[in-house]
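This report is written for a reader who meets the structure here without earlier acquaintance. Please look over the sequence and the model before reading on.

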Protein chains: 2
Amino acid sequence: MTDDGTLKPSTAYVLDEQVGYLLRLANQRHATIFQTHAVDGLTPTQFTALVRLAEHGKCSQNQLGRYAAMDIATIKGVVDRLRGKGLVQTEASQQDRRRSLVSLTPAGQDLVQDLYHAGEAITDETLAPLSPAEQRNFIKLLRKLG
Amino acid sequence: MTDDGTLKPSTAYVLDEQVGYLLRLANQRHATIFQTHAVDGLTPTQFTALVRLAEHGKCSQNQLGRYAAMDIATIKGVVDRLRGKGLVQTEASQQDRRRSLVSLTPAGQDLVQDLYHAGEAITDETLAPLSPAEQRNFIKLLRKLG
DNA sequence: GGAAATTCATTTGTACGCTAATGGTATGGG
DNA sequence: CCCATACCATTAGCGTACAAATGAATTTCC
């Protein structure tokens, strides 16, 4: 689309319109907002793991990683840190000695209830630049990219 | 929306509809696709830094970080690795002895041209689950969240 | 002209997120 | 029964991403 093919084909490529770049920016925005609402210093990733654990109940570490869409190396660190905060506990499985079963502590169960409220506020604030209709549409499109 | 207010208010909160979670998944998807197209082992972040450097030309490390929307600690690591690949070079500024000026090497300039093509393919593949109209809409909405 | 504020780059520490390698455990087929 | 295969967890290594602290250089403002 340039006058001559030799110079500045670069003008056709605009970084500010590339999904990858924009997704990174949107993630940055969300992370910043999440931090201001942070409950107990939780990160978005730790939040996800806690919610999934509440949904599914006690399960193996690997299984929790799959529920939360996290790598096995990632979920290990997340579980370690949640255990450090006293929100989660682990125990060896009797049936399968490879497994370490993860479950919420009472403190973790209490916290999850607070998280639901915080989560809604965080979502609202993140989507604030969009109209209600745009918000619904954006979520719908995002889900197609999961 | 539960039968009684005491049990399972959690059902009102669906993680799979929260922006933060979905953005994380979309980013995962994009990162995976990027990797399959990777030129010279570049990461999306390094890609962004190179393109911004090509757009703006020689500038200080901090300035490049602002152009690329990266933390000063992050851009340092990115510049270090790009220098390690021989795509970027740094020199001390004469006017301001605090600054280290970053610029593309000839190899870096050559690579940027390839990156534009790879970038388009990556964007196309990432957005493949959406129709053309949905793609345009999605980008439009994403830009509002920048 | 000099103190205060700003800017630049670096370093440290924490937290993802992935790959790859390792070793223990379980299971299914021959 | 045993071997191949699969699964589970851990570890090491690389690359973002941010906060906070440091030290050096520059600007600004009185």
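The sections below treat the pairing of the two protein chains, then each DNA strand in turn, and then the salt bridges.

## The model and its two protein chains

The structure is a predicted model. Chain A can be laid on chain B by a turn of 180 degrees with a shift of 0.0 Å along the axis, and the RMSD is then 0.0 Å. The two copies are therefore related as by a two-fold rotation axis. Both copies use the same surface, since 98% of the contact residues of chain A recur in chain B.

## The contact between chain A and chain B

Chain A brings 47 residues to the contact and chain B brings 46 residues. About 4,700 Å² of area is buried between chain A and chain B, and carbon and sulfur atoms give 65% of this area. On the side of chain A, the residues that lose the most area to chain B are A:Tyr13, A:Val19 and A:Leu145, which together make up 15% of what that side buries.

Polar and charged pairs also cross this interface. There are 14 residue pairs in polar contact across the interface of chain A and chain B, counting pairs with both residues at pLDDT 80 or more. In chain A, the elements that give two or more residues to the side touching chain B are helix H1 (19-36), H2, helix H5 (106-126) and helix H6 (132-144). H1(A) supplies the largest share of that side, 12 residues. By type, the residues of the side of chain A that touches chain B comprise 24 nonpolar, 13 polar and 10 charged.

## DNA strand C

DNA strand C is surrounded by 24 residues, and the closest of them are A:Thr43, A:Arg81, B:Asn62, B:Arg98 and B:Ser100. These closest residues come from both chain A and chain B. Of the strand C atoms within 4 Å of the protein, sugar or phosphate holds 74%, and bases hold the rest.

Three residues of chain A illustrate the approach to phosphate. The side chain of A:Thr43 has an N or O atom 2.5 Å from a phosphate oxygen of DNA strand C. For A:Arg81, a polar side-chain atom lies 2.5 Å from a phosphate oxygen of the strand. A:Asp71 uses its backbone instead, with an N or O atom 3.4 Å from a phosphate oxygen of DNA strand C. The elements that give two or more residues to the surface near DNA strand C are, in chain A, helix H2 (44-56) and helix H4 (72-84), and, in chain B, helix H1 (19-36), helix H3 (61-67) and helix H4 (72-84). H4(A) gives the most to this surface, with 4 residues. The residues near DNA strand C divide into 4 nonpolar, 10 polar and 10 charged.

## DNA strand D

There are 24 residues around DNA strand D, and A:Asn62, A:Arg98, A:Ser100, B:Thr43 and B:Gln46 come nearest. Sugar and phosphate make up 76% of the strand D atoms that come within 4 Å of the protein.

Chain A reaches phosphate through A:Gln61, which has a polar side-chain atom 3.0 Å from a phosphate oxygen of DNA strand D. An N or O atom in the side chain of A:Arg66 is 3.3 Å from a phosphate oxygen of DNA strand D. From chain B, a polar side-chain atom of B:Thr45 lies 3.2 Å from a sugar or linking oxygen of the strand. At least two residues each of the surface near DNA strand D come from H1, helix H3 (61-67) and H4 of chain A, and from helix H2 (44-56) and H4 of chain B. The largest share, 4 residues, belongs to H4(B). The surface near DNA strand D is made of 4 nonpolar, 10 polar and 10 charged residues.

## Salt bridges

How many salt bridges does a search of the whole structure find over all chains? The search finds 18. Between chain A and chain B the count is 6 salt bridges. One salt bridge joins A:Arg52 and B:Asp16, with the closest N and O atoms 2.9 Å apart.

Another salt bridge is formed by the side chains of A:Glu134 and B:Lys144, at 2.7 Å from N to O. This pair crosses between chains, from A:Glu134 in helix H6 of chain A to B:Lys144 in helix H6 (residues 132-144) of chain B.

Note on methods. Residues are numbered from 1 along each chain as its sequence is written. Chains are lettered from A and ligands numbered from 1 in the order in which they are written. This is a predicted model: local features need pLDDT of at least 70, side-chain atom pairs count only at pLDDT 80 or more; totals for chains, interfaces and linings use all residues. Side-chain values use heavy atoms; hydrogens and water are left out. A residue is near a molecule or strand if one of its heavy atoms lies within 4 Å of it. A polar contact is a pair of N or O atoms within 3.5 Å; within protein, one must be able to donate a hydrogen and the other to accept it, and residues adjacent in sequence count only if both atoms are side-chain atoms. Ala, Val, Leu, Ile, Met, Phe, Trp, Tyr, Cys and Pro count as nonpolar, Asp, Glu, Lys and Arg as charged, and the others, Gly among them, as polar. Contact means heavy atoms within 4.5 Å. Buried area is the accessible area (1.4 Å probe) that two parts lose on being put together, summed over both. A salt bridge is a side-chain nitrogen of Lys or Arg within 4 Å of a carboxyl oxygen of Asp or Glu. Copies are superposed by least squares on the C-alpha atoms of residues with pLDDT of at least 70 in both.
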